[in-house]
Structure formats: structure tokens, C-alpha cells
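Notebook open, and I am going through this one residue by residue. The entries below are in the order I looked things up.

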Amino acid sequence: MSDLVEKMNAIIARERASRKQAESLLETKSLELFENNRQLQASQARLEYSISVLSEIMNHAPDGVILCTDDFKIHICNRHSCELTGHAHDLLINQPVDKLVHNISLMLNRTKSGNFTFARQRLTRADGDIRIVDIKGYKGPIGQECHYVLMVQDITEKLHEEQQHSKMASQLEEARRLEAIGALSSGIAHEINTPIQFIGDNIDYLGDAMQLINQSYQRYEKLRAEVWGIEPLRDLVAEIDTFNASVDLPTMIREIRASLDDARAGIRQVRDIVRLMKEFAHPGTGQKDPVNLNELIGNVVTISRNQQKNIATISLQLDETLPQVPCRRSQIQQALLNLVLNAIDAVAETQSGSGEIAIRTCHDDEQVHLFISDTGNGIPPALRERVFDPFFTTKPVGKGTGQGLALAQDYIVTGHQGRLSLVEIEGYATTFRISLPLRAPDMNLSDQEVEHDFVS
Amino acid sequence: MKGVVFVELFEFVEQNYDVFFLQDLIEAADLPSGGVYTAVGTYPGCEMARLAAAFAQKTGLSVPEIMKKFGHHLFGRFVVNYPAFFEGGQDALSFLASIEGYIHREVYKLYPDAELPRFEIRDQTADGMALIYNSTRHLGDLCEGLILGCLDHFGEAFTLTRTTLRADDVSSIQFDLRRA
Ligand code: HEM
């Protein structure tokens, strides 16, 4: 019996020990569980923080951030990518990156692992607009797969600004050069003026002297005719006659007169040129004087003669009854010159390198009109609206500042309340029309109206 | 070895003999743990061998016979304890084929320190297949008992042939099942 009790006790002890062990195991396990849970919570909090920081960074990144895998489809993209591309977020996800930048997948594929930069790529927006972007990024494995992280920066505006800056810089450069030329020409004009003055004076003096000598000669001639019959003088008279016959004095006197006239005309011409040079050096605003436009056209043709050589033949069709227009002579002359120089350039750019320029004037009761036409290549319809833009030029950098037309427009429209517009004249590629009012316009003619005219 | 196997062994002994027989067995086996087991604990595999040896000595049954019988019993216990694994309405073959990829994988979640065998399935058809048992614990007999318990549970008649492929530090045993 005691054997049985002993056995029972042993069994009970074993069972109790088992229970104790189970309990302590449970405690350890629940402690472990608690600890694991705590760690899990901590790492979850860290993870959540990282995620929120990451998403903040992504959402506020000033550049588009795009993540794609080996299939070159967009897997993740930030808010700015949507703004940049004009696509909604959901419409970007799973789309091929090539949809944004043509053939970027080829470039990504070809590039080595690590950082890459693709500068000045063309990004097509949802609305079809093209933006210029710099793409920097990283190619490498994230987990098992090869990933591409693309940071897309829109540099369209920056580029535009840079271009504007360099245009402005070259414009400034041009202005400086013109200023220097202006100063130089006014100096030269001054230098030329003085000698021309006394050459002119001397020629006038020579002319007057010639007149007097001629008068004196006429008297001698009378004397010669009188004394011809007097014997002791006959030989002397004969000698004079022989000499006179050999030099043909009357013809000579006529010729001297003619050459003095020529010289005077030449000096006038030199004076004109000097005056023009002065005017160009100081194209001040000044007040408006009645000006004969036909005359200005003559000046401009003279000034640009050097540029026209072998390139353009200029034909004039000027209205002889053109009334004088109140204007600032030098401004209008400058505007005209710009238009004529443009026309010469246009003609020079053609295949043959030469052509015709026609300048015509006419008037009605209110305005005078001036048409400058050329047989150049013409202005493509798409550019017609932009030709008056301050920086518009089709010429290569350094050839022109694109200021010519803008300046002409400014002088004509702002300076004279006139109009500068593109019109069509049969037989010519491009025709500009300048219209200037004959009377000072009333001030309520709004700029807008004027604006509208030359844009259309 | 997981305590759950020892706990089930004790139950098996108690059911077939009695609680005193079990106590005698434990004392005879002279176990380091003193026979104190809990299902979730882990104990040396040699204790199972000692228990089986003591069992054999007391009953005159062979150790393989005991392990097979216990395996058969153990499977019945799995059915009771883990009903979730038996909800799919499978048959014996598909159940056995799912141990490696599903059941033992779930066991591993429950007991991360479990030392489980590796099973390969070959030539599975509607009428049979080969199941190859690989383990360093050399429990081929227990395995055979589990398989037989499984066949009984699904009420399917198969002939089971056993071929030892390897018996060194690793046991590799092929069980061929053919529909009878
Ligand atoms: C619901 C079904 C099953 C469950 C829950 C289950 C669970 C387990 C558990 C908990 C262990 C102990 C692991 C250790 O001690 O570390 C084990 C071992 C083992 N299981 Fe299963 N098992 C199942 C079905 C089967 C079947 C059908 C077989 C036979 C084909 C099998 C063969 C084995 C073998 C042989 C071992 C011993 C370890 C070894 O030999 O390496 N099991 N199983």
C-alpha cells in the first residue's frame, strides 16, 4: 500500500513540476511577447516616422521625383511630378517613363550603375507642351530589382532667362558699340566740318575772284578790240589772239565755273553727310518739325548705299505732293534706316543673294503712308506676330540684336502715334507700312488700338 | 524534440496501460528531465530513445513497433488538436504531399525551434506516389506510423512499401504508396 502511495506521490510531484515548468515557460513567453511587441512598436514608430519624413520630402521636393524599375514603368512619383507633367498621380503610375521623355528608357538602360545626369531633355506634358528638364538620378538595386530614381528639374524658365540675359548682354554690348561709334562719328564730323568750312570758303572766294577776273578780262577784251587797228599795237594784239586761240579762254572760264559748282556741290554733299552723322550720334527726342518724308528717304538711301552694293536695287516711287509731316526727323530717319537695312538683309539671304527693294510714299487727308517692300524670303506666317517683339530675330547670335523692328515700332508708335504694320503687296515677299498722322492726334486714341493693328 | 511529442507519448502509454505503468517507465528510463515535460518546451531527442527502450524492455515489443504504434496514435491526436489542417476535405495523398510545403511550415510558426524532417514527393498520381523522408533524427518508424495513421484517418486502402535509401548521420527513407 505504501508503495502505491509513494508512486502516487511521485506522479503528483511530476505533474506539479510539469505544471510549474509550463507556468514559468508561459511567463517567459509572455515576457518575450511583451518585449517583442515593444520592439515592434518602437520599430513601427520609427518606420512610420521615416515614412512620413520621406513622404514630406517627396511631396515638398521642388523637383519631380520618379522611381521606376527594370520595366521602365513609373512605380512611385511625387506631387511635383504631377505638376511638372500635368498628369494626375494615378495616371502616371504604371505608365512607361518614355511617355514623359522620349526614349529615356534607352538612355537609362545604357547608363552604368550609380549616378547619372541627362541634361536638357524634352519632357512632353499632358497638354502636349514641351518643357526642358535636367534629369539627375541613381541607377542601382533596391532589394532584388534594379531601380532608377529620377530627379526631374524643370529648367525651361531658367534657360529662357539665360537666353534673355545673353540677348540683353549683347544688346547692351551693341548699345555701347553704337555709343562709341556715335562719339567717334560726332568727333569725325567735327574734324571734317572745319576744313570743309574753309575749303568751302576758299571755293566761294575763288568763285568770286574768278568773277572779278572775268569782269576784268571782259574789259581788256573790249580794249583789245578797240586798239586792234592801231599800228604800233597790232603785233601785240596778234600775239594775244594767237595765245587766246591756243587756250580757248571762254571755254576755260566756263569749265572753271562748272568745276567750282561741282566742288560746291561736293562740299554740300560732304556737309550733308556730316550733318547726318551728327544726327545719328545724337538721335535726341527733340521737338517735332515739319519734315518731308521723301527727302528723308533720299537720305536713308544715301546712307545705306554701301550696304546695298551688289545686293539690292532700290526703286523709289515717291508722291511728289506728299505734305510735310510733323515729326522728329532723326527718329523717323532711324526707323526708316532700320527697315531698309532689314530689307537689304532679307534680300541678301535669298538664294541669289540679291533682289529688289521698293519704297513708295502716298497720303490721304489724315496720314502719310510709306511702304518698304522687298523680294527676300518673306516672314513665315507663324512668326509674323512675333516680329515686333523686342528680342525677336532670325539672325544668328551676334549678327543682330533683334532691336531693329522693335525700335522702329517704338519710334513710330510711341514717338509719333503712328502705325507700323505688315501688309501684303503683290510681287514682294515682305512689305512694311509706316503710317504717320498729319496732325497731332487726340490723346484718347488708346495704345491698345494701335497695338492691335500691327499685331494683326 | 518538442515537448508536445512527449506529452502525447505519455497519453498514449496511459491510454494503453495506466498511469502507474507510465510512472514505472519514466523511472526506468532515468531521464535527465525526470519526465517533466510541457508541450511548448524543447527536450533532448535522446529522452525519446530512452523511453522507447524502457517501453520495449517492459513490454517485450520492439522499439520500431512501439514507434509505429505511437506514430499511428499521434496522427489521431493531430486530427483532434489541429482541426484546421483537416478542413480542406483532402484525401490521404494530397494531405501527405502538403506536409512539407504547408503543415510543417505552419508547425514551424508555432514552434520556431522545431526540428522538422524534410519530405520529397515523387511521381504523384491519383493512385499513388513516393514520399521520401530525410532527417538527422532517424525517426523513420514514427514516420511510418504517422503515414499509416493518416491512411486510416482518410479511410483509404494503400499498400505501403518502405525502402531505406540512406542510413548514416542522415536517414533517407522512401515510402511508396500504391492504391490497393
Ligand atoms: C497535422 C499534422 C501534423 C502536425 C501538426 C505535425 C507536427 C509536428 C511536430 C510539432 C513535430 C515535432 C518537431 C520537433 O520535435 O521539433 C513533428 C515532427 C515530425 N513530423 Fe509531423 N506533423 C504532422 C503531420 C505529419 C505527418 C503526416 C508525418 C508523416 C509523413 C509527419 C512526420 C514527422 C516526423 C517524422 C517528425 C519527427 C522529426 C524528424 O523526423 O526529423 N508529420 N511534426
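**Entry: B:Asp30.** I began with B:Asp30, which is exposed at a relative accessible area of 56%. The model is predicted, so I keep in mind that local features need pLDDT of at least 70. I looked up the backbone next and found a positive phi near 50°, in a residue other than glycine. Where does B:Asp30 sit? I placed B:Asp30 in the loop of chain B between helix 2 (19-29) and helix 3 (46-59).

**Entry: A:Asn310.** I then turned to A:Asn310, which is not a glycine yet has a positive phi of about 65°. I found A:Asn310 in the chain A loop that runs between helix 9 (305-308) and strand 7 (312-317). Buried or exposed? With a relative accessible area of 78%, A:Asn310 is exposed, since the cut-off for that is over 50%.

**Entry: chain A overall.** I stepped back to take stock of chain A. I get 13 helices and 12 strands for its secondary structure. Chain A has 456 residues, and 34% of them are buried. I also checked contacts between residues at least 6 apart in sequence: 60% of these join residues at least 24 apart. The exposed area of chain A comes to about 28,600 Å², and 55% of that is supplied by carbon and sulfur atoms.

**Entry: a nonpolar patch.** On the surface I found a nonpolar patch formed by A:Leu184, A:Ile188, A:Ile192 and A:Val270. Together these residues have about 300 Å² of accessible area. Which element gives the patch its largest share? I traced that share, three residues, to helix 5 (residues 156-227) of chain A. A:Ile188 is in helix 5 of chain A, and I noted it as partly exposed, at a relative accessible area of 37%.

**Entry: A:Ser81.** I wanted a buried residue too, and A:Ser81 has a relative accessible area of 1%, so it counts as buried. A:Ser81 belongs to helix 2 (residues 79-85) of chain A. I asked what its side chain has for company: a polar atom of the A:Ser81 side chain lies 3.2 Å from the backbone oxygen of A:Val65. Leaving out neighbours within four places in sequence, I listed A:Gly64, A:Val65, A:Ile66 and A:Leu92 as the contacts of A:Ser81.

**Entry: B:Gly128.** My buried pick in chain B was B:Gly128, at 0% relative accessibility. B:Gly128 is in strand 2 (residues 128-135) of chain B. What does B:Gly128 touch, not counting residues up to four places away in sequence? I wrote down B:Leu93, B:Asp123, B:Phe158, B:Leu177 and B:Arg178. For B:Leu177 I also took the C-alpha separation from B:Gly128, which is 5.1 Å, although the two are 49 residues apart along the chain.

**Entry: where A meets B.** I moved on to the contact between the chains, which takes 11 residues from chain A and 16 residues from chain B. Chain A and chain B bury about 1,100 Å² between them, with 65% of it on carbon and sulfur atoms. I counted three residue pairs in polar contact between the two chains, and one salt bridge. That salt bridge is between the side chains of A:Lys7 and B:Asp24, at 3.0 Å, N to O.

**Entry: salt bridges.** Searching the whole structure, I got 29 salt bridges over all chains. The A:Lys7 and B:Asp24 pair joins two chains, because A:Lys7 lies in helix 1 (residues 2-60) of chain A and B:Asp24 in helix 2 of chain B. I noted B:Asp24 as partly exposed, at 23% relative accessibility.

Next I looked at B:Lys2 and B:Asp113, whose side chains meet in a salt bridge (3.0 Å, N to O). The pair links distant parts of the chain, 111 residues apart. B:Lys2 is in the segment before helix 1 (3-16) of chain B, while B:Asp113 is in the loop between helix 6 (99-110) and strand 1 (118-125). B:Lys2 is buried, with a relative accessible area of 8%, whereas B:Asp113 is partly exposed at 41%.

Last, I looked up B:Arg122 and B:Glu120, whose side chains also form a salt bridge (3.0 Å, N to O). B:Arg122 is partly exposed at 43% relative accessibility, and B:Glu120 is partly exposed at 25%. I also found B:Lys68, B:Asp141, B:Glu144 and B:Arg162 joined into one network by salt bridges that share partners.

Conventions. Residues are numbered from 1 along each chain as its sequence is written. Chains are lettered from A and ligands numbered from 1 in the order in which they are written. This is a predicted model: local features need pLDDT of at least 70, side-chain atom pairs count only at pLDDT 80 or more; totals for chains, interfaces and linings use all residues. Side-chain values use heavy atoms; hydrogens and water are left out. Helices (H or I, at least four residues) and strands (E, at least two) are DSSP runs, numbered from the N terminus. Buried means under 20% relative accessible area, exposed over 50%, partly exposed in between (1.4 Å probe, protein chains only). Contact means heavy atoms within 4.5 Å. Accessible areas come from the Shrake-Rupley method with a 1.4 Å probe; for residues, only the protein chains shown count as cover. Patches are made of residues with over 30% relative accessible area and no salt bridge: like charges are joined within 9 Å, nonpolar side chains (Val, Leu, Ile, Met, Phe, Trp, Tyr) within 5 Å. A salt bridge is a side-chain nitrogen of Lys or Arg within 4 Å of a carboxyl oxygen of Asp or Glu. Buried area is the accessible area (1.4 Å probe) that two parts lose on being put together, summed over both. A polar contact is a pair of N or O atoms within 3.5 Å; within protein, one must be able to donate a hydrogen and the other to accept it, and residues adjacent in sequence count only if both atoms are side-chain atoms.
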